[in-house]
Every structure is written in structure tokens, then in C-alpha cells.
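Colleague: I am new to this model and would like a close look at one strand and its partners. Please start there and then lead me outward to the rest of the structure.

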Amino acid sequence: MIAIAFLATGCSKEPVEVYDPAHDYFSFANTEQFITRHLELDLTVDFDKEQLRGSAILHMERLDPLATEIILDSRGLDISGVSISLADSPMVPAEFQVGEEDPVLGSPVTIELPADLEIASSFMVRLEYATGPDASALQWLPPELTAGGKQPFMFTQSQAIHARSWVPLQDTPAVRITYKAVIHTPSNLLAVMSANNNPLTPRSGEYEFEMPQPIPSYLLALAVGNIFFAPLGEQTGVYTEPEVLDASAFEFANTQDMLDTAAEMFGPYQWGRYDLLVLPPSFPYGGMENPRLSFITPSLLAGDHSLVSVIAHELAHSWSGNLVTNRTWRDGWLNEGMTNYLESRLMEVLYGKERVDEENVLGYKELLLNFDRIIPERQALAPPFPSGDPDDFQGTIHYHKGQLLLQYLENGFGREIFDEFLASYFDDFAFQTITTERFLDYLDENLLKVHEGKISREQVEQWLYKPGLPDDAPKPHSESLDRAAALAIAWTQGEVQLDEIPVAEWSPQAAVHFINSLPASLSEEQLNELDSAYGFSDTRNAEIGRTWFIQVAERQHRPAYEKLEQHLNRYGRTRLVAPVYRALAENGSDLELAREMFTNARASYHPITIAKINTFLLPGTE
Ligand code: BES
Ligand code: ZN
């Protein structure tokens, strides 16, 4: 066990013994002294230079009357000037300094309050700046990497700590801001943001936005491209390139229904509209819960609504994450685990228990597999010390172990009581942040003690602070998946023929489980037989493809390598490609081949995806 940890921050290489869970070790900002309430952006989107350029005005308050130095986060920004003013007086230039760059955190920007403002309790700080060539939040896509192939596209991905690479600000979820923005683009392109997009906005090259609800910086988002809109419901719609607009509107047709159901279950939807933006394939995640406008991977366009649990997930973040926000990235399970739980509740109402059981079993299997790869200290939901890059967080722990804890609580207290607890949790902490420890106290006071004798604080602490799963953890179970697994075995034992197993009629989740249940020893002929019976190598379903090609790589099934490479070129979502590279790299003979395939495909990937794949392909980077 680590008794004393080194914080992985550039600002402190000292061993830290007392860890303050409310402090964000992933930000330089001195938020106890100054706090931002509102942001005004005026940015020009320059596709030629691959640069955002303009100004940010931070409306700040001084919390500590003696403080005279503001520290902001930045990464790779070229800041050309800083000025400060009281509410309606003219701006005066301020001294500032950009500190040494830390590889994970970027650089602190230290701004001196001019002497005559030292008594002010609120003021505006204006920074003129341009983004750097490797801004970690930005991806600039040439036309050939878009659906239409004619116009460029750019998008941001600010979570976890990338907002600082396109806006100088206090980049911590502990601070919430409202914002306004003016975005200048080429006049034939449309800009959209995590704000009040108006579906009827004419294309003009100048777009104005307003976000009246206060949000943490990781939810700041912008995308610009040849984007069009299709309505899905009264309050919902989808933005994307015209080439995939119909397919997107078809796939996500039930979004309004999802929204209405979610609001009925979890409390009022507090954000106005809920739209989707379907991005080009390089978008590194399944989805990103940017408020009012979830960013979505096009790999969900399976043609049969089978992957819409990702939409349910991003929508559910409108409560868990966007409304009640993890205080720091160490508390990420409160965002993701709670959201996975809400996602499953929503999916149960909309698609039935069988589908949810299937998805829960698949998540559980991923969790069990991952326990083998994760050191015990990192298996806790809230590890004792934050370290490393928050992008390398242990996703499966946050998502699936977090979800199981909430399921455990539901099982312990009954759905009705637990739902009441959740409703008051969202209400009491709306537009606030929460640490794991505060959650524990709140849970203790409002649930554990109120219904004493069911689940103890110590039992919950075991989930939060100990590795693995407690013995009494729920074990997801799905009859349809059990049947799929049994048939996989029965076929290998010659008890049934493939044409007697209607995999094509099953849910994709059952097909995934079928593939994963095949025993280690299958001959090349058997794998060929499977592929020709079910067409796994040609599937349109990204999750089936992912599962199949991981198996293909692990088993070194070379006849399918050409199709495997096509899979790696077709998709950019990290989840769909990185594990396939990993399986090749770890199968004992194909590391070089994996590197070659990566060399060919990497121009189409996002830097986050590239970094992940590199951990498998480059020695010593993990
Ligand atoms: N907020 C996450 C994506 C994220 C996590 C970005 C951590 C940066 C750092 C998003 O809501 C998410 O969880 N996406 C999942 C969806 C899935 C769990 C349904 C994804 O991308 O796979
Ligand atoms: Zn999420």
C-alpha cells in the first residue's frame, strides 16, 4: 500500500501526507481566493492556421480580500495581453506571467491585480490570446475526414482538463460559470456550442451563444463544420453533416421520448433544449454530455437503434454530472457510475428489462476482466490520492463498479425509497459540486440512518475505498445471455449446428456475449465457419465488430486481418479501436503488424485515441 503519495502535479513534487478531498489537484487555479462567475468569449475559428483567436473576459469575484494574484489554467496558449476593469470602468493593462509547462496540467497564468483595483471585490479580466498548434481540446479535420469530404470540421473535447487549451480559465469542476460567446467562422459553415443553439440560425459566419445555467469548464464545447439540423421532437433534434442527417434522425428518433421519460423519473430537465451533434468518426468517445448538445460518435449509426444506450447515458448526465457535478476528477465515479445507473433505469423503462440485464452483464464482465489489469489501489471508487492524468482514469471502475454500488443501495432499500433519495439528492445539490466524502455523509444522513439496519456506512466505505467488489455485491444476470453462451459451447462440442443458432435475430448484446463465450481452442476452420455463417467481419454493428476483431487478434485468425484493418480505419472511437490494437500487440506475434496498421490509420484518429493506442504499441509508455 502507498502510505505517502507523490501528487502528479508539476506544481508540487513534495510528498503530500494530508490530502484534502475538496481541493482540485488537477488545476493551478487559486479558487479559494478568486472565483469566476461568468465568461464572455469572442473567437475567430481559423481553419488555415488551425487556431482559435480572440478574447476571453472572466467576470470574477474576490473571496479573499487580501489576495492580489489570480492564477488561471492554460495549456499552449499564446496570451498577448491581459487587462482588468471594475464593472463599468475602462480596462487597464495588468502584469501577467505564464509559468513553466507541466506535461499533464499545462501552465499557470499568474495575473497581478493593478494597485488601484486591489480593493475591488468583483471585476473583469480580459485576456487576448490564440490557441497553440497542439491544443489538446481541439481537433481540426481536413475535408477528407468528414462525411461530406468537401468542408473542414473542428470540434472541442474539454473533459477532463482540456478546456484550458482553448480558453484561459479556472479549469476545475469546482467552479461553475455562465457564458456568452461570439464565434466567427467561414460564412458557409455553422458553429454550435453547449449553449442555446437556435435550429433556425441562418448561416452567416457570425454566431452568438448564451448559456444561462452555470456549468463547470469541462462542459464548454464548440463545433464548426458543414452542419445541418433535423428536428426529432418538440425540444430535441440532431445536428450533423447532411450526408448522415437522415441516418442520424432515424437512429435517434426516440430522443424526445427519452427526455420526457428521464424528466419524469429523475426530476425536471433544467437545461431547455436537448440536441445531439453527430460528429465525424474521429470523435474519441461514444458520447460527451455537453449541456443542451451531447456530442455523439457516428459509430452508433447501426441502423436498428441498438446502440442508443449511449444517448440514454449522455442524457442522464443532465442530472448526474451536469446538474450535480463531481468536485474533482478523483470523484469521477459520482458522474459516471451514477450516470450508468440512471442510464440502465431509463433503458429499462424504454426497452425493457431483458435488454438492460444484457447490457449490465456485459458491463460486469468488462469490470471483472479489468480488475486483472488494475493495481489494487486504483480499484477503489475514490482512490486515496489523485495521481496521473485524469484522462487515464479507470473507466470501468467509475462506470461499472460505481453503477453496482447504486444498484446495491437500490436493492438494499427498495426502489421506491432509493428513488426518493435520488430525487432529493439532485434537488439538494443542483448546480453544485460534491466530493465522495460529502456524498457519503449525505447518504448516511438521508438513507442509511433513516432506514437503519439495512446497509451500514462501513459497507459503503468498502465500496469507496477498497479494491475489488464486496462479497455481497450485486451480480448482474441475463437469461438470454446465458442461453447465448450455452449455445456457443454446444456448437464447439458438436451438439448444434450454426444454422440452428439464429444469431442474426438476436440482440447485438447477445451476439457480443456469444462471441466472447467461445472457448480458447477454436480452429481456423471453425472461426471461418462462424464468420461465413454470421458475417461478423462485415457487421454494421460497431460493438459486434469490436468484440469479433478483439477475438480475431487474440486468436491470430489471419484470414480476417484484412477486415480487421478495415475496422481500424472505419472507426475512431477509442473504445472500438484501442483494444483491437492491444490484442494484436499482446498476442505474441503481431506487435509489428499492429504498429504498421496504426501508422496507416493514425492520421484519422484523435490525439486522445492516439495516446491510448501508444500505451500498447510503444514500450515503456504505460
Ligand atoms: N463523459 C464521458 C466521456 C469522458 C469521460 C470524456 C472521461 C473524458 C473523460 C461520457 O459521458 C461517457 O461516459 N461516454 C461513454 C459512453 C458510454 C459509457 C455509454 C463512452 O464514450 O464510451
Ligand atoms: Zn458518461
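Modeller: Two strands are said to pair if DSSP finds at least two bridges between them. Strands (E, at least two residues) and helices (H or I, at least four residues) are themselves DSSP runs, numbered from the N terminus. The model is predicted, so local features are reported only at pLDDT of at least 70 and side-chain atom pairs only at pLDDT 80 or more, while totals for chains, interfaces and linings use all residues. Residues are numbered from 1 along each chain as its sequence is written, chains are lettered from A and ligands numbered from 1 in the order in which they are written, and side-chain values use heavy atoms, without hydrogens or water.

The strand I have chosen is β21, residues 293–296. One partner is strand β19 (residues 274–278), which runs parallel to β21 and is joined to it by four bridges. Within this pairing, Leu-277 has Phe-295 as its bridge partner. Strand β20 (residues 287–288) also joins β21, in the antiparallel sense and through two bridges, and here Gly-287 is matched with Ile-296. β20 and β21 make up a hairpin with four residues between them, and Arg-292 in its turn has a positive phi of about 70°.

In a regular strand the side chains alternate between the two faces of the sheet. In β21, both faces are covered: Leu-293 and Phe-295 on one side, and Ser-294 and Ile-296 on the other, are all buried. Buried here means under 20% relative accessible area, exposed means over 50%, and partly exposed lies in between (1.4 Å probe, protein chains only).

The residues about the hairpin lead to ligand 1. This ligand is surrounded by 15 residues, the closest being Gln-159, Gly-286, Glu-289, Glu-314 and Tyr-399; a residue counts if one of its heavy atoms lies within 4 Å. A polar backbone atom of Gly-286 is 2.5 Å from an oxygen atom of ligand 1. In the side chain of Glu-289, an N or O atom is 2.6 Å from a nitrogen atom of the ligand. His-317 also reaches ligand 1, with a side-chain N or O atom 2.9 Å from one of the ligand's oxygen atoms.

His-317 leads in turn to the zinc ion, ligand 2, whose protein donors are His-313 (NE2), His-317 (NE2) and Glu-336 (OE), at 1.9 to 2.1 Å. Donors are N, O and S atoms within 2.8 Å of the metal (3.2 Å for Na, K and Ca); water is not among the atoms, so sites may look incomplete. Along the sequence the spacing of these donor residues is H-x3-H-x18-E. His-313 has a relative accessible area of 7% and is therefore buried; His-317, at 0%, is buried as well.

Aromatic contacts come next. Rings of Phe, Tyr and Trp (its six-membered ring) pair if their centres lie within 6.5 Å; planes under 30 degrees apart count as stacked, over 60 as edge-to-face and the rest as tilted. By this rule there are 30 aromatic pairs. One of them is Trp-333 with Phe-439, edge-to-face at 5.5 Å centre to centre and 85° between the planes. This pair links distant parts of the chain, with Trp-333 in helix α4 (residues 332–351) and Phe-439 in helix α8 (residues 436–448), 106 residues apart. Trp-333 is buried at 1% relative accessibility, and Phe-439 is buried at 1% too. Both belong to one aromatic cluster, whose members include Tyr-341, Phe-418 and Tyr-442.

Elsewhere, strand β9 (residues 107–112) is mostly covered, with five of its six residues buried. Strand β5 (residues 69–74) runs antiparallel to β9 and is joined to it by six bridges; Leu-72 has Val-109 as its partner there. Strand β8 (residues 96–98) also pairs with β9, antiparallel and over three bridges, and Phe-96 stands opposite Ile-111.

An open sheet of seven strands has the order β7-β6-β10-β4-β3-β13-β15, with mixed pairing. Its edge strands, β7 (92–93) and β15 (206–216), each pair on one side only. Within this order, strand β6 (residues 78–85) and strand β10 (residues 122–130) are antiparallel and share seven bridges, with Ser-85 partnered by Met-124.

Notes: Polar contact = N/O pair within 3.5 Å; in protein donor to acceptor, adjacent residues only side chain to side chain.
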